[in-house]
Amino acid sequence: MVKFPKFRNRFNYDIKSMYHKYGLEADLLFWQLSQKEILEIWNGIGASGRWYNYLIPKTVGWLNWELLSADHDVEYTFGRTLEDKIIADLRMKRNLIRWIRIWTNKRCLLKYRIHRARENYWFVKEFGGKAFWNEKDNK
């Protein structure tokens, strides 16, 4: 059984190597940051510090996808415009669908997971703005 990189085990993985190994997209800044800098920014999937964070799924159809939030967090931290947010969210969606295609070999499960990925994308697109803009307000 494959062990997927989970946020709680983030110090056991070279995050950039994992992105490279699975052909995941990432912002140029992500590749320029050190492992330590990425780990300082990366807060996992969800609304860090919010009461409703436990309601946000860390899996899509039983497939853990926490690794994919590393670049998304970097992009949310350094992005400044609405276009930056849109690019970050779309990149997360493409990575999630790629991740699903890599780890899913049953057609019906693939369809289900892709459907859930699109739902997750919609939630991030619609409700992630507060996290994106709050980062800027705190600086």
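Which residues does Tyr19 touch, not counting residues up to four places away in sequence? In this predicted model, Tyr19 touches Leu24, Glu25, Ala26, Phe30, Trp31, Leu67, Leu68, Ser69, Ala70, Asp71 and Asn95.

## The nonpolar core

Tyr19 is among the residues with the most contacts inside the largest nonpolar core. The others named with it are Ile15, Phe30, Trp65 and Trp99. This core has 33 residues. Helices α1 (15-21), α3, α4 (69-78), α5 and α6 (107-127) each supply at least two of them. Helix α5 gives the most, with six residues.

A general tendency fits here. In soluble globular proteins, nonpolar side chains tend to be buried together.

## Helix α5

Helix α5 covers residues 82-103, 22 residues in total. At 1.5 Å a residue, these should span 32 Å. The end C-alpha atoms of α5 are 32 Å apart, so the expected span and the model agree.

The buried residues of α5 are a mixed set. They are Lys85, Ala88, Asp89, Arg91, Met92, Asn95, Leu96, Ile97, Trp99 and Ile100. Asn95 is also one of the contacts of Tyr19.

## Helix α4

How many of the ten residues of α4 are buried? Nine are, so α4 is largely enclosed by the rest of the structure. The buried residues are Ser69, Ala70, Asp71, His72, Asp73, Val74, Glu75, Tyr76 and Thr77.

Asp71 lies in this helix. Asp71 counts as buried because its relative accessible area is 2%, and buried means under 20%. Not counting residues up to four places away in sequence, Asp71 touches Tyr19, Glu25, Ala26, Asp27, Phe30 and Arg91. Asp71 and Asp27 are 44 residues apart along the chain, yet their C-alpha atoms are separated by 6.9 Å.

## Salt bridges

The model has eight salt bridges. Side chains of opposite charge can pair when their charged atoms come close.

Arg91 forms a salt bridge with Glu75, and the closest N and O atoms are 3.0 Å apart. Arg91 lies in helix α5 and Glu75 in helix α4, so the pair ties together parts that are 16 residues apart in sequence. Both Arg91 and Glu75 are buried. A network of salt bridges links these two residues with Asp27 and Asp71.

Other pairs sit within a single helix. Asp89 and Lys85 meet in a salt bridge of 2.4 Å, N to O. They are four residues apart in helix α5, so about one helical turn separates them. Both Asp89 and Lys85 are buried.

In helix α6, Glu119 and Arg116 are three residues apart, about one turn of the helix. Their side chains meet in a salt bridge of 3.1 Å, N to O. Are these two residues buried, partly exposed or exposed? Glu119 counts as partly exposed, because its relative accessibility is 31%. Arg116 counts as partly exposed too, at 22%.

## Three tryptophans in loops

Trp42 lies in the loop between α3 and β1. At 3% relative accessibility, Trp42 counts as buried. Its contacts, not counting residues up to four places away in sequence, are Phe7, Arg10, Ile15, Glu66, Leu67, Ser69, Ala70 and Asp73. Trp42 and Asn9 are 33 residues apart in sequence. In space they are 12 Å apart, C-alpha to C-alpha.

Trp51 lies in the loop between α3 (35-41) and β1 (59-60). Trp51 is exposed, with a relative accessible area of 65%. With Tyr54 and Leu55, Trp51 makes a nonpolar surface patch of about 460 Å².

Trp62 lies in the loop between β1 and β2 (63-64). Trp62 is exposed, with a relative accessible area of 69%. What is notable about its backbone? Trp62 has a positive phi of about 70° although it is not a glycine. Most residues other than glycine have a negative phi.

Key. Residues are numbered from 1 along each chain as its sequence is written. This is a predicted model: local features need pLDDT of at least 70, side-chain atom pairs count only at pLDDT 80 or more; totals for chains, interfaces and linings use all residues. Side-chain values use heavy atoms; hydrogens and water are left out. Patches are made of residues with over 30% relative accessible area and no salt bridge: like charges are joined within 9 Å, nonpolar side chains (Val, Leu, Ile, Met, Phe, Trp, Tyr) within 5 Å. Accessible areas come from the Shrake-Rupley method with a 1.4 Å probe; for residues, only the protein chains shown count as cover. A salt bridge is a side-chain nitrogen of Lys or Arg within 4 Å of a carboxyl oxygen of Asp or Glu. Helices (H or I, at least four residues) and strands (E, at least two) are DSSP runs, numbered from the N terminus. Buried means under 20% relative accessible area, exposed over 50%, partly exposed in between (1.4 Å probe, protein chains only). The expected span of a helix is 1.5 Å times one less than its number of residues. A nonpolar core is a set of buried Ala, Val, Leu, Ile, Met, Phe, Trp, Tyr and Cys residues joined through side-chain atoms within 4.5 Å. Contact means heavy atoms within 4.5 Å.
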